[in-house]
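Subject: Structure for you to look at, with notes

Hello,

Here is the structure I promised to pass on to you, and my notes on it follow below. Please keep the structure open beside them as you read.

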Amino acid sequence: MATLIRVDQIAAYEGQEVTVRGWVYNRTDKGKLCFLLVRDGYGYVQCVAFKGDLPEELFDRMVRLPQESAVIVQGTVRKDGRAPGIPGGYEISVRDLQIVHEAALDYPMALKEHGVDFALDHRHLWIRMPSQWAVLRVRAKVIQAAREWLNANGFINMDTPILTPNAVEGTTTLFETQYFDEGSAYLTQSGQLYNEANIYAFGKVYCFGPTFRAEKSKTRRHLTEFWMLEPEMAFTDLDGLMEVEEQLISHIVQTVLRECQPELKSLKRDTTRLEKVQPPFPRISYDEAAEILRQIYEQESDPERKELLRFEWGMDFGSPHETELTNRFEKPVFVYGYPTAVKAFYMQPWPGRPEVCKSVDLLAPEGYGEICGGSERIYDYDLLLERIRQHNLPQEAFKWYLDLRKYGSVPHAGFGMGVERVTAWLCGIEHVREAIPFPRTIKRVYP
RNA sequence: UCCUGGCUAGCUCAAUCGGCAGAGCGGGCGGCUGUUAACCGCUAGGUUCGAGGUUCGAGUCCUCGGCCAGGAGCCA
């Protein structure tokens, strides 16, 4: 029995007899010569057979194998620049072939681009195609790299509940569900408040899980269910927060560049700008950003675009503003000190400037927008209570959260990183829905 | 909720001014010893999103409705 190998490690087996188990992604037959492009989950490899290499009956079956048939291939690994695949450059000369399952002939995914609706209706099959496979492998690497960095830097994983009794920020629309006799429960939109409890037990923590927004956002940057990584740190201010963010993001980007080359190459991702993602990232204040946007607005001649870019101090950024701002920087850019009025109730006011708070967003280049949002949190009991009242939040529901300001309260800070947005940015894809295996959008809960 | 665009073969699309509904891929049959979404020949495959209207004649024009997209708003 030849050694069972993974296609991503094929280069190590040049000249050896190996076994690959997988599925037929494409087949080309040229009379007495037949190519199977087989994917095994780790990569895509070309398997070649000449008519004389196999028993006639088996060769005839190989030539007629439908796309997606399951096979076990034995043969010799040969280096050949002509061989397509991921990583490519190696092929297997087939000596024997077992057909585990002959797929039905009506496989709906053609080897070409599909319309969005059709592709998403067949997401369960679409993920087999190289583009989707590559993106989802990068997503997994993003998560792995993030955990690596956090674990190596003193953070402990402390997951937070998905079913929650109330709105975290009181602003956004939540998915509501009946919770036995306890009334309504809501799907979480952030683990942050619980993380703030966790830091007083563990110092530095992070949670990682799905978050839910019932908003009717219909854009390339929104999902109703998305995954967020949320670190939270005791004894940390805004500057300390930005240092952690830029180190974490840089580690993720450099890890993906180092370990996902075949995936990025198959996505035709130009990585020159990603290679520059190293600390420190530029930091500009909201005031400076507002001034830049004012100049951009004045210089814009197209009336339609000018209207989209209209901006006044006090507004939150729209996506046209984010794109214009980030186009002026090579790396992700921090924008800090947003107006208190447009941010959540728990953010620490700027000393001497209560109209501004110690919040920071990290905006990715190339129009990918906000990938992280965070802040220093209010740690004074009376101020937090005042904010809860100002925002008309149910004080009783926040009793535990207020308790945290009574027993050893310290300056602390944290942020959330959107995994799909980071993945979409690194892969250079248009829409975050391809950066999660089974996307949930306002118009889609199937499959 | 608003704005804009789209809906034609299983898929991706074409159809000029309102005048015979087409191609490529995928499927079937045949050919080919280096294909890269192979190529060549043959073949099957249609309620043109739905309803109504204008017209000798509607995929095309008009009205209403449906579905989808991505932008605004909202948000990560």
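Helices and strands in these notes are DSSP runs, of at least four residues for a helix and at least two for a strand, and they are numbered from the N terminus. Please bear in mind throughout that this is a predicted model.

**Two cis peptide bonds and a positive phi**

With that numbering in hand, you can find Pro280 in the loop that lies between helix H7 (261-266) and strand S14 (283-285). The peptide bond that leads from Pro279 into Pro280 is cis, and its omega is near -5°. A second cis peptide bond runs from Ile86 to Pro87, with omega near 5°, and Pro87 has its place in the loop between strand S6 (85-86) and strand S7 (90-101). Glu366 is not a glycine, yet it has a positive phi of about 60°, and this residue sits in the loop between strand S18 (359-364) and strand S19 (369-376). These entries are listed because most residues other than glycine have a negative phi, and most peptide bonds are trans.

**Helix H4 and its two partners**

Two packed helices are described by the angle between their axes and the distance between the axes. Helix H4 (residues 130-152) packs against helix H13 (residues 419-427) at an angle of about 125°, and their axes are 9 Å apart. An angle between 115 and 145 degrees counts as oblique, so H4 is oblique to H13. The crossing in which H4 passes H13 is right-handed. On the H4 side, the residues that meet H13 are Val135, Val138, Arg139, Val142 and Ile143, while H13 brings Val419, Glu420, Val422, Thr423, Leu426 and Cys427. Sorted by type, the residues of this contact between H4 and H13 are eight nonpolar, one polar and two charged.

H4 also packs with helix H6 (residues 238-259), where the axes come within 9 Å and cross at roughly 135°. H4 and H6 are therefore oblique to each other, and H4 passes H6 in a right-handed crossing. Among the residues that make this contact are Val138, Val142 and Trp149 of H4, together with Leu248, Ile252 and Val256 of H6. The contact of H4 with H6 divides into ten nonpolar, three polar and three charged residues.

**The surface near RNA strand B**

Which residues come nearest to RNA strand B? Of the 46 residues around the strand, these are Asn26, Arg220, His222, Leu223 and Arg421. Of the atoms of RNA strand B that come within 4 Å of the protein, sugar and phosphate account for 46%. By type, the surface near RNA strand B is made of twelve nonpolar, twelve polar and 22 charged residues.

Strand S2 (17-29), strand S3 (33-39), strand S4 (44-50), helix H2 (116-121) and helix H10 (319-326) each supply at least two residues of this surface, and the largest share, three residues, comes from S2.

Some contacts reach the bases of RNA strand B. A polar side-chain atom of Lys112 lies 2.3 Å from a base nitrogen, and a polar side-chain atom of Ser217 lies 2.4 Å from a base oxygen. Leu223, by contrast, uses its backbone, with an N or O atom that lies 2.3 Å from a base nitrogen of the strand.

With best wishes

Methods: Residues are numbered from 1 along each chain as its sequence is written. Chains are lettered from A and ligands numbered from 1 in the order in which they are written. This is a predicted model: local features need pLDDT of at least 70, side-chain atom pairs count only at pLDDT 80 or more; totals for chains, interfaces and linings use all residues. Side-chain values use heavy atoms; hydrogens and water are left out. Axes are lines fitted to C-alpha atoms, for helices over the stretch in contact, and angles run from 0 to 180 degrees between N-to-C directions. Angles under 35 degrees count as roughly parallel, over 145 as roughly antiparallel, 65 to 115 as roughly perpendicular and the rest as oblique. A crossing is left-handed if the near helix is turned anticlockwise from the far one by less than a right angle, and right-handed if clockwise. Contact means heavy atoms within 4.5 Å. Ala, Val, Leu, Ile, Met, Phe, Trp, Tyr, Cys and Pro count as nonpolar, Asp, Glu, Lys and Arg as charged, and the others, Gly among them, as polar. A residue is near a molecule or strand if one of its heavy atoms lies within 4 Å of it. A polar contact is a pair of N or O atoms within 3.5 Å; within protein, one must be able to donate a hydrogen and the other to accept it, and residues adjacent in sequence count only if both atoms are side-chain atoms.
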